[in-house]
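Let's take a walk through this one, starting from the surface and ending at the aromatic rings.

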Amino acid sequence: FLFLDADVLRSGRFDEAGYKTTLPRLQEMQAAHPEWIQRRVLKRHLAYGRHAYRGEILAVSHRWEQPEAPDASGAQLRAIREYLQSPDGLEVSFVWYDYWCMP
């Protein structure tokens, strides 16, 4: 799986890179900021019964605001960042969000 480094969102590095409203699709991020994308191999037996990745990975389920832009208003990015900065989100290392993580 490909993930976005949670610290990129938590720290605001995306904002410093010029992404004021939302992040671009995976292919654009890989070209401009390959260090933001992390490849992880997840093991099914650890994920299912043992919940080994709980807390470490945030998988976001969401609706697309527009057919060509899942988060045109930036509301989803703001909500994800707020969660990552909260006490519950501080242990998250990786974020999976389809537009940012799927080729």
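How much area does the protein chain expose, and what share of it do carbon and sulfur atoms supply? In this predicted model, the exposed area comes to about 6300 Å², with 52% of it from carbon and sulfur atoms. As for what's tucked away, 37% of the 103 residues count as buried.

On to the fold. The protein chain has six helices and four strands, running β-α-α-α-β-α-β-α-β-α from the N terminus on. Its radius of gyration is 14 Å, close to the 13 Å from the globule rule for 103 residues, so the chain is as compact as a globular protein of that length. The C-alpha atoms fit a box of roughly 40 × 30 × 25 Å along the principal axes. Among contacts with a separation of 6 or more, 66% are between residues 24 or more positions apart.

Now the rings: a search of the whole structure turns up five aromatic pairs. Here are two of them.

| Pair | Geometry | Centre to centre | Angle between planes |
|---|---|---|---|
| Tyr19 and Trp36 | edge-to-face | 6.0 Å | 70° |
| Tyr97 and Trp100 | stacked | 4.0 Å | 25° |

Tyr19 sits in the loop between helix 2 and helix 3, and Trp36 in the loop between helix 3 and strand 2, so their pair links parts of the chain 17 residues apart. Burial is the theme here: Tyr19 has 17% relative accessibility and counts as buried, and Trp36 counts as buried at 3%. In the stacked pair, Tyr97 is buried at 1% relative accessibility, and Trp100 is buried with a relative accessible area of 0%. Elsewhere, Phe1, Phe3 and Phe94 form one aromatic cluster.

Technical notes: Residues are numbered from 1 along each chain as its sequence is written. This is a predicted model: local features need pLDDT of at least 70, side-chain atom pairs count only at pLDDT 80 or more; totals for chains, interfaces and linings use all residues. Side-chain values use heavy atoms; hydrogens and water are left out. Rings of Phe, Tyr and Trp (its six-membered ring) pair if their centres lie within 6.5 Å; planes under 30 degrees apart count as stacked, over 60 as edge-to-face and the rest as tilted. Helices (H or I, at least four residues) and strands (E, at least two) are DSSP runs, numbered from the N terminus. Buried means under 20% relative accessible area, exposed over 50%, partly exposed in between (1.4 Å probe, protein chains only). The radius of gyration is taken over C-alpha atoms; the globule rule is 2.2 Å times the number of residues to the power 0.38. Contact means heavy atoms within 4.5 Å. Accessible areas come from the Shrake-Rupley method with a 1.4 Å probe; for residues, only the protein chains shown count as cover.
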